[in-house]
Amino acid sequence: MATPDVTIDEEEPPREKRMTLAGHLMELRRRLVIAAIALVVGMVIAYFLTDWVIGWLVFPIRQVAEQLGDDFTRLVYSTITGPFEMRIRISFAIGLIISAPVWLWQIWAFIMPGLKKKEIQYTVGFMAAAIPLFFGGCAVAIYLLPRLILVMSEFVPEEQFASQFYDYAAYYDFVFKLITIVGIAFVLPVFLVALNLAGVVSGRSILKGWRFALIIGLVIGMLASSPADIVSMVVLGLILFVLYLAAALVSLLFDRRKRKQNPDLYIEV
């Protein structure tokens, strides 16, 4: 009687665990929930700071009232729910900043498993440079805000019945957009360095575009300030131009290192 062949299944080598699409969506939902909870907690904490923030926002208006000698120049709430909406807007903006470490970590933890070691190093370096520059730009905008409002108030006619009323919604949007635009503008040089690391543009090409960078810096300064405030526009434009030159210098150093590592493969663009 023939003996049946007995096959022994060999142990398969361990396979790398890969998350399915449903698993990715569940992971994304979990991290979004954590980020949302952190934002809500940050908004609750920020709500207790709204009195101080509103006092800071109203301070330039008080200066304008003193300059015009007009007691009617003030922040105006044109709707019944205006004061509450103002506090909610302020709470959201400050809560977003307070909860930034949590939701930034959730974003990082979600994308990090798909990154290589060098990509992780570049991302950490990018964030380490971008975050301080963004807040530095916000600080510059906050510093320029009172001067900007005072300059614009000089166009109010000096007549008996001329007053300056600041609607709460328009005033808040103006301040928020000013701070955001200047903050993002300060981060633009970091994007140039990132493009250089990716091989898209060389440091020499960045340096050659200094004339355009100066013009763009002055344009951003003009958009972030009033056309009448030439001093603020020039100061902001020069700060952005210096950051551009710093990005060009860093890119030239990276190009030099690339040239030393791969002298045959390196091509100057």
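This passage walks through the overall make-up of a predicted model and then looks at helix α3, its neighbours and a few individual residues.

The protein chain contains 9 helices and 2 strands. Read from the N terminus, the elements follow the order α-α-β-α-α-α-β-α-α-α-α. The chain has 269 residues, and 33% of them count as buried. Among contacts in the chain with a separation of 6 or more, 81% are between residues 24 or more positions apart.

A good place to begin a closer look is helix α3, which covers residues 82-98. From the first C-alpha to the last, the 17 residues of α3 reach 24 Å, close to the 24 Å expected at 1.5 Å a residue. Buried positions in α3 are Gly82, Met86, Ile90, Ser91, Ala93, Ile94 and Gly95. Some of this spacing can be read against a general property of helices: an α-helix has 3.6 residues a turn, so residues three or four places apart point the same way. The packing partners of the buried residues of α3 are the helices α1 (21-47), α2 (50-68) and α6 (168-197), together with the strand β1 (74-76). Two of these partners, α1 and α2, are described in turn below.

The axes of α1 and α3 come within 7 Å and cross at roughly 120°. An angle from 65 to 115 degrees would count as roughly perpendicular; α1 and α3 are therefore oblique to each other. The crossing of α1 past α3 is right-handed. On the α1 side, the contact involves Leu39, Gly42, Met43, Ile45, Ala46 and Tyr47. These residues meet Arg87, Ile88, Ser91, Phe92, Ile94, Gly95, Leu96 and Ile98 of α3. By residue type, the contact of α1 with α3 comprises 10 nonpolar, 3 polar and 1 charged.

For α2 and α3, the axes come within 10 Å and the crossing angle is roughly 100°. With this angle, α2 and α3 are therefore roughly perpendicular to each other. Helix α2 contributes Thr50, Asp51, Val53, Ile54 and Leu57 to the contact, while α3 contributes Met86, Arg87, Ile90, Ser91 and Ile94. The residues of this contact between α2 and α3 divide into 6 nonpolar, 2 polar and 2 charged. Arg87, Ser91 and Ile94 of α3 appear in the contact with α1 and also in the contact with α2.

Just past α2 along the chain, the loop between α2 and β1 holds aspartate 70. Aspartate 70 counts as buried because its relative accessibility is 10%, below the cut-off of 20%. Glutamine 164 is 94 residues away from aspartate 70 along the chain, yet the C-alpha atoms of the two are separated by 8.6 Å.

Further along the chain comes helix α9, which spans residues 230-261. Its 32 residues reach 47 Å from the first C-alpha to the last, close to the 46 Å expected at 1.5 Å a residue. The buried residues of α9 are Ser232, Met233, Leu236, Gly237, Leu240, Phe241, Leu243, Tyr244, Ala247, Ala248, Ser251 and Asp255. Serine 251 of α9 offers a closer view of one such position. Its relative accessibility is 0%, so serine 251 counts as buried. Leaving aside residues up to four places away in sequence, serine 251 touches Leu192, Val193, Asn196, Gly203 and Ile206.

Key: Residues numbered from 1 in each chain as written. Predicted model: local features only at pLDDT ≥ 70, side-chain atom pairs only at ≥ 80, totals over all residues. Heavy atoms only, no water. Helix = DSSP H or I, 4+ residues; strand = E, 2+ residues; numbered from the N terminus. Expected span 1.5 Å × (residues − 1). Buried < 20%, exposed > 50% of the residue type's maximum accessible area, 1.4 Å probe, protein only. Contact = heavy atoms within 4.5 Å. Axes fitted to C-alpha atoms, helices over the stretch in contact; angles between N-to-C directions. Parallel < 35°, antiparallel > 145°, perpendicular 65-115°, else oblique. Left-handed = near helix turned anticlockwise from the far one by under 90°. Nonpolar A, V, L, I, M, F, W, Y, C, P; charged D, E, K, R; others polar.
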